[in-house]
Each structure stands twice: as structure tokens, then as C-alpha cells.
Amino acid sequence: MTVDLELPRGVAAETALGFHPVPWPHGPAEQFAAGRRAAGAALASAGSADRVVPRAPDGRPVFPRGFPGSISHTERLAVAAVVPGARAVGVDIEDTAVTERMARFVFRRRERQTLLAPDGEYSPGELFVAKEAAFKALNAIAALGDFVFWQIELSRPGDALRASYGGASVPVRVRSQTDLSLAVAIRR
């Protein structure tokens with residue numbers, strides 16, 4: 001699988017992305033391994049000598065000190081983002097369509113009215129990955145308690161989405177191409 005997905009516009013220049021195809025039979029074990037390979041590639045690109053990303057007891061990936069990152073995957077492709085010096089990073093990639101029913105559940109009325117096309121500029125898939133990436137970046141600090149990604153509120157106060165929950169917020173940049181939506185959230 002060739003990957004031509006690029007970073008969303010406005011993402012910090014020091015952001016390193018790594019991709020790895022998920023081999024057949026595309027199950028959870030293959031997705032996990034592909035995610036770790038993508039993380040290793042992102043860490044190498046970011047300049048880390050340590051390229052191993054073990055799993056914490058709660059299942060989260062544990063990136064080397066000074067190289068916070070995040071991993072996501074579809075059934076066929078894994079991606080990892082690493083941003084040296086950031087407090088937390090969230091990445092999400094999706095290749096599935098967000099149905100109208102899902103959109104009504106996951107997005108608040110204001111988000112549907114102001115951010116979704118035709119009135120807004122985002123597709124349902126882009127807003128979905130934005131919430132998932134923001135959840136990872138906000139939850140990585142573990143100061144916000146238990147919450148689920150759809151409780152995050154998205155707004156567009158400037159040239160990027162802003163995701164907020166519990167008094168904390170993070171900018172989120174999204175990009176779609178080749179039937180994939182990618183979002184990166186970086187918490188400084």
C-alpha cells in the first residue's frame with residue numbers, strides 16, 4: 001500500500017509521521033504490530049535513538065521521554081505522530097464514512113450547524129478524527145478524568161479547529177485525501 005497522505009496544513013514543522021501497512025489478515029494483532037512499526041518510523045524521523053514503544057497497563061503506548069507521540073490505525077494502515085518537546089500528541093486516521101445517525105450522536109448541534117458542510121467546511125469524517133485526536137492529546141495528561149471522545153466540543157475560532165473539554169483545549173488540524181481523514185492534535 002502506497003501512502004501519499006501528508007500532514008494537515010499548519011501542523012508544527014517538527015511533527016514526524018510514520019506509516020505502516022497492516023498485513024493480512026488485518027486483525028488486531030497485525031494492527032498493533034503495524035502501529036508499533038509506524039511509531040518506530042516516526043521516532044526515527046524525529047531523531048529519537050529509542051524506537052520501541054511498549055504498552056502501558058491501561059493499553060496506551062508509552063513513547064520515549066522527550067518524544068511524545070500517538071498511534072492510530074485503520075484495518076489496512078497504521079500511522080504514528082511524534083512531536084519532540086510537546087506535552088502530548090493525538091493522532092487519528094479513519095477510512096470509514098460517518099453516517100448521519102453517527103453524526104447526530106457524536107457531534108453537538110452547534111458543531112453540525114457551523115462546522116459541517118455545506119455551511120461549514122468540514123466533512124463528518126474530518127470532525128470525527130478531530131475529536132479522536134483531541135481526545136488522545138487531552139487524555140494523555142490524565143488530569144481531566146474519565147470522559148469519552150464525543151464529549152469534546154469543537155469550534156473554529158481561527159484558522160484551525162479547537163477542541164475543548166473540562167477547561168482544557170488543544171488545536172486540531174485535519175486533512176483528507178485518498179479516502180482517508182487524518183487529524184493531529186498537539187498540546188504544548
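Two strands count as paired if DSSP finds at least two bridges between them, and the elements named below are DSSP runs numbered from the N terminus, helices being H or I over at least four residues and strands E over at least two. The model is predicted, so local features are described at pLDDT of at least 70 and side-chain atom pairs at 80 or more, while totals for chains, interfaces and linings use all residues. Residues are numbered from 1 along each chain as its sequence is written, and side-chain values rest on heavy atoms, with hydrogens and water left out.

**View 1. An open sheet of five strands, with α4 lying across its members.**
The strands follow one another in the order β4-β8-β7-β6-β5, and their pairing is antiparallel. At the edges stand β4 (88–94) and β5 (153–155), each of which has a single partner strand, so one side of each lacks a neighbour in the sheet. Neighbouring strands are turned against each other by 25 degrees on average, with direction ignored; the axes behind such angles are lines fitted to C-alpha atoms, for helices over the stretch in contact, and the angles run from 0 to 180 degrees between N-to-C directions. Helix α4 lies across β4, β5, β6, β7 and β8, and its direction makes an angle of about 150 degrees with that of β4.

**View 2. The hairpins on either side of β7, one formed with β6 and the other with β8.**
β6 and β7 run antiparallel and are joined by five bridges, with Ala-163 standing opposite Val-170 in β7. Two residues lie between the strands of this hairpin, in which Gly-166 takes a positive phi near 55 degrees. On the other pairing, six bridges join β7 to β8, and these strands are likewise antiparallel. Ser-176 stands opposite Ser-181 in β8, while the bridge partner of Val-174 in β8 is Ala-183. The β7–β8 hairpin again has two residues between its strands, and Thr-178 in the turn has a positive phi of about 50 degrees.

**View 3. The largest nonpolar core, made up of 28 residues.**
A nonpolar core is here a set of buried Ala, Val, Leu, Ile, Met, Phe, Trp, Tyr and Cys residues joined through side-chain atoms within 4.5 Å. The members that touch the most others are Phe-107, Leu-127, Leu-161, Val-170, Val-172 and Val-174. Two or more residues are given to this core by each of α2 (100–106), α4 (124–139), β6 (161–165), β7 (168–177) and β8 (180–187), and the largest share, nine residues, comes from α4. Apart from its neighbours within four places in sequence, Phe-107 is in contact, meaning heavy atoms within 4.5 Å, with Val-98, Arg-112, Leu-116, Pro-124, Leu-127, Phe-128 and Lys-131. A second, separate core holds 16 residues, among them Val-83, Val-89, Leu-182 and Val-184.

**View 4. The surroundings of Val-174 in strand β7.**
Val-174 has a relative accessible area of 17% and is therefore buried, the classes being buried under 20%, exposed over 50% and partly exposed in between, for a 1.4 Å probe and protein chains only. With neighbours within four places in sequence set aside, its contacts are Pro-8, Tyr-122, Glu-126, Val-129, Ala-130, Leu-161, Leu-182 and Ala-183. The C-alpha atom of Val-174 is separated by 15 Å from that of Ala-117, a residue 57 places away along the chain.

**View 5. Glu-6, in the segment before β1.**
With a relative accessibility of 44%, Glu-6 counts as partly exposed. Beyond its neighbours within four places in sequence, Glu-6 is in contact with Arg-175, Gln-177 and Leu-182. Between Glu-6 and Leu-17, which are 11 residues apart along the chain, the C-alpha separation is 8.6 Å.

**View 6. Backbone details in two loops, including the cis peptide bonds before Pro-25 and Pro-118.**
Most residues other than glycine have a negative phi, and most peptide bonds are trans. The bond from Trp-24 to Pro-25 is cis, with omega near 10 degrees, and Pro-25 is placed in the loop between β1 (16–21) and α1. His-26 is found in the loop between β1 and α1 and has a positive phi of about 65 degrees although it is not a glycine; with a relative accessible area of 13%, His-26 is buried. A cis peptide bond also joins Ala-117 and Pro-118, with omega about 15 degrees, and Pro-118 is found in the loop between α3 (109–114) and α4.
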